[in-house]
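Got a fresh structure open and wondering how anyone decides what to call things in it? Let's go through some of the labels and see what stands behind them.

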Amino acid sequence: MSKGGSNKKVANKLVAASCATVLAVYTAGYARTQSAANRIATQIAAERRASNPTPQRGVIPFTEIATTPGVPPEALSQVATSKPNRDPSTEPRPVAIEESAPAQIAPATSAAVEPSPIETQEPVSPAPQVTTSVTTSAAAPVAMPAPAAVVPAQAAPAWKDGVYTGWGYSRHGNIEAAVVVERGRIASATISQCRTRYSCSVIDKLPPQVAQRQSPEVDYVSGATQSADAFYGAVVEALSKAK
Amino acid sequence: MPIRTEAVMGTLVTIQVVRSGAESDANAAIVDHAMDRAFGWFQEIESLCTRFSAESELMQLMAHVGVPMPASAILYEAVRFALLVAEESGGAFDPTVGLRMEGLGFNREHRTGEIVRTAITPGDDVSFRDVQLDPGRKTITLLRPLALDLGAVAKGLAVDAAARELEPFKDFAIDAGGDLYLAGSNEQGQPWFVGIRHPRRAHELMASLRVSNQAVCTSGDYERGQHIVDPRQETSPVAVASATVVAPGAMLADALATAAFVLGPQEGIHFLIRLGVEGLIVTPEMQQYQTRGLRLA
C-alpha cells in the first residue's frame, strides 16, 4: 500500500494535547513511581532468590488463556487479552511499514504545546515471515514466539511460565482465577472474574496465599466456604493448564 | 527477550522488550528496572483514578461537590484531557457517564467483584460541562453531583507513561487489556502485527495492521458486553460492533475509539479523519468503514 499523499496525518489539537498530558503526568509522577518501582523490584528480587537462581534466557511464552466453554465471556474477560496462536497458517503475509517516532513535545508547559506532525516513511521491503504478534482484543489469535526450549525444572512443582485462567464453581456462583507463573513459580493469583452471588471481597485474603504457598491450598473462610472452594477449584484448573 | 505480565488496573498488563542489546546481566538489570518503573505507572495511576476505592483522589473529588478541589498533576491532566475529548466529540465521549454505568450494572470491581455504589444522585442531564478546571490553581470543581469515570483515559495514560519509561529500548510492546502501544519493531525487525478480532467470532481476525510507534485500541460490544454508553441517550449504541483507532498514544486511541463507537460508523470515521488519526469501524452487519490512511496488513 503506498502512502500516497503526505497529508495523511495532520497534527491536531487532541494529538498534541494527549502528548502534553502524558508529558506533564510523566514529569510530575516520575518521582512518585520510584517507590512503586522499588517495591516491585524488591518483590521480584525476593521471588528470584526464593526460586531458581539459574538465569533463564529466552521467552516466557504466553500460554493458553481460555475461558471455560459455557461460561459467558462477556463482562470482564479482559484477562484473555493475549492468546497464543502457534499456527503459522493464520499469519498474514507482512506488509512492512515503518513509521518514524511520533510527536516530540519540546516545552514542558502543558497547555500550549506546538503540535508536531507525525511523519511516515516509505514502506520498506517486505520480509519473508512473521512470528510475533499482538492483538487488540480478547480472544483474537496472537502468535507469540514459540516457547523457546523449556528450561529444565530445578525444584519440584515447576509450572510452565505464562498466565493461566480457570473457573471454579459453587452453588452461589462461579469464580475465575488468573494465575501468573514466572520462572516456574506462582508469581501471583487473582480473582479475575467474580460471578458469585456475594461479593468476592469475603475471600480477599485467599489470592495472595496461592503465591505464598505455591499451591492452590488456601485457607477455608468461615461463612464463605462456597466462595473459597470455588476459588480453590479455579486455581486448580488454571494450574492444570500450566503443567 | 524480557517479557512480563502483571495484573493491574483490573486487567493483565504485558510488557515485552525486544532484544535489549547485549545479553549481559547488567543489561538485563536495566531492562528489569525500566519494567518495574513502567508497571509502577499502572499502579500509581490506578490508585489515583480508581472508582473502586473510597480513598482514591478521584473518589475524594466526587465527594466534594461545588468545592474547588486541589488535584494532583496526574488527576488534573487526566480530567483535562477527558474534557478536551468530550468537547471535541460533542459529548459522544463523556467522562461523567460514570454513574449511569453503575446504573447499568458496570459497578463491579474487576478483580474482587466488589460492588461500588456512589452515594450521590446526579441529575439526568449532568455532562462534562459540569466539571470545571482552574488551570492556575490546578483545581477541579464539580458543579453538580456526578460520577467521573476516567477508565478509558487512565489506562491509556498509564500505557503512555509506561512507554516513556521504555523509550530507551526502542523496540517494545505494551498490552494493557487491549490498549496496545507498539514501539519500533518486533523480533524479526518488522513492524508489529496487530490483529483486530472479529466482533462476533472470537477466534477470527477481522483485519490486521502493521504498526510501529503507534497505539492501537479497540472498543467493542463483545468484550465486556455493552460497556459503552451513549452519554447523549443513556443507551448502548447499536450501530457499531467495534471501533479501532490507531493513534500516536494509547490514551488518545482509547478515548477516540470510545467516541467513534458512540458516534456510529459514518460520523465516527469523519470524526477520526478530522482529528488526524486512523481507524476502522465495524457494524453489527460486519460492514467495515475505515479512514483512508489505515494500512491493513
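What follows is a set of questions and answers about this predicted model.

Q: Why is Cys217(B) called buried?
A: A residue needs 20 or more other C-beta atoms within 10 Å to be called buried. Cys217(B) has 32 within that distance, so the label fits. Cys217(B) lies in strand β10 of chain B, and its C-alpha atom is 9.6 Å from that of Gly249(B), 32 residues apart along the chain.

Q: What makes strand β10 of chain B mostly covered?
A: Seven of the seven residues in β10(B), which runs over 214-220, are buried. Gln214(B), Val216(B), Thr218(B) and Gly220(B) point one way, while Ala215(B), Cys217(B) and Ser219(B) point the other way, and all are buried. That fits a general pattern: in a regular strand the side chains alternate between the two faces of the sheet.

Q: How do you know that β10(B) pairs with β7(B) and with β11(B)?
A: Two strands count as paired if there are at least two bridges between them. Strand β7 (residues 179-183) of chain B and β10(B) have four bridges, in the antiparallel sense, and Leu182(B) has Gln214(B) as its bridge partner. β10(B) and strand β11 (residues 242-247) of chain B have six, again antiparallel, with Ala247(B) as the partner of Ala215(B). Both pairings therefore meet the cut-off of at least two bridges.

Q: Why is strand β6 of chain B said to be largely enclosed by the rest of the structure?
A: Five of the five residues of β6(B), residues 172-176, are buried, so the description holds. Both faces are covered: Phe172(B), Ile174(B) and Ala176(B) sit on one side, and Ala173(B) and Asp175(B) on the other.

Q: Which strands does β6(B) pair with, and how do you know that?
A: The bridges tell you. Strand β2 (residues 11-17) of chain B and β6(B) pair antiparallel over five bridges, Ile15(B) being matched with Ile174(B). Five bridges also join β6(B) to β7(B), antiparallel too, and here Ala176(B) is partnered by Asp179(B). β6(B) and β7(B) form a hairpin with two residues between them, and Gly177(B) in the turn has a positive phi of about 55°.

Q: What makes β3 and β4 of chain B edge strands?
A: Look at the order first: this open sheet of three strands runs β3-β5-β4 (chain B), with antiparallel pairing. β3 (69-70) and β4 (131-134) each have a single partner strand, so one side of each is left without a neighbour in the sheet. On the β3(B) side, two bridges join this strand to β5 (residues 139-142) of chain B, and Pro70(B) stands opposite Thr139(B). Helix α3 of chain B packs on the sheet, touching β4 and β5, and its direction makes about 125° with that of β4(B).

Q: Why is Gln132(B) called exposed?
A: The cut-off for exposed is 12 or fewer C-beta neighbours. Gln132(B) has 12 inside 10 Å, so it counts as exposed. Gln132(B) lies in strand β4 of chain B and touches Thr141(B) and Leu143(B), leaving out residues up to four places away in sequence. Between the C-alpha atoms of Gln132(B) and Leu83(B), the distance is 9.2 Å, though they are 49 residues apart in sequence.

Q: How do you know that the length of helix α3 of chain B agrees with what it should be?
A: At 1.5 Å a residue, its 16 residues (73-88) should span 22 Å, and the end C-alpha atoms are 22 Å apart, so the two agree. As for cover, 13 of the 16 residues of α3(B) are buried. Just after the helix, Gly90(B) takes a positive phi of about 60°.

Q: What makes the contact of α6(B) with α7(B), and which classes of residue are in it?
A: Leu256(B), Ala259(B), Ala260(B) and Leu263(B) in α6(B) meet Glu267(B), Gly268(B), Phe271(B), Leu272(B) and Leu275(B) in α7(B). By class, that contact has seven nonpolar, one polar and one charged residues. The two helices pack at an angle of about 145°, with their axes 7 Å apart.

How values were computed: Residues are numbered from 1 along each chain as its sequence is written. Chains are lettered from A and ligands numbered from 1 in the order in which they are written. This is a predicted model: local features need pLDDT of at least 70, side-chain atom pairs count only at pLDDT 80 or more; totals for chains, interfaces and linings use all residues. The expected span of a helix is 1.5 Å times one less than its number of residues. Two residues are in contact if their C-beta atoms, placed from the backbone, lie within 7 Å. Axes are lines fitted to C-alpha atoms, for helices over the stretch in contact, and angles run from 0 to 180 degrees between N-to-C directions. Ala, Val, Leu, Ile, Met, Phe, Trp, Tyr, Cys and Pro count as nonpolar, Asp, Glu, Lys and Arg as charged, and the others, Gly among them, as polar.
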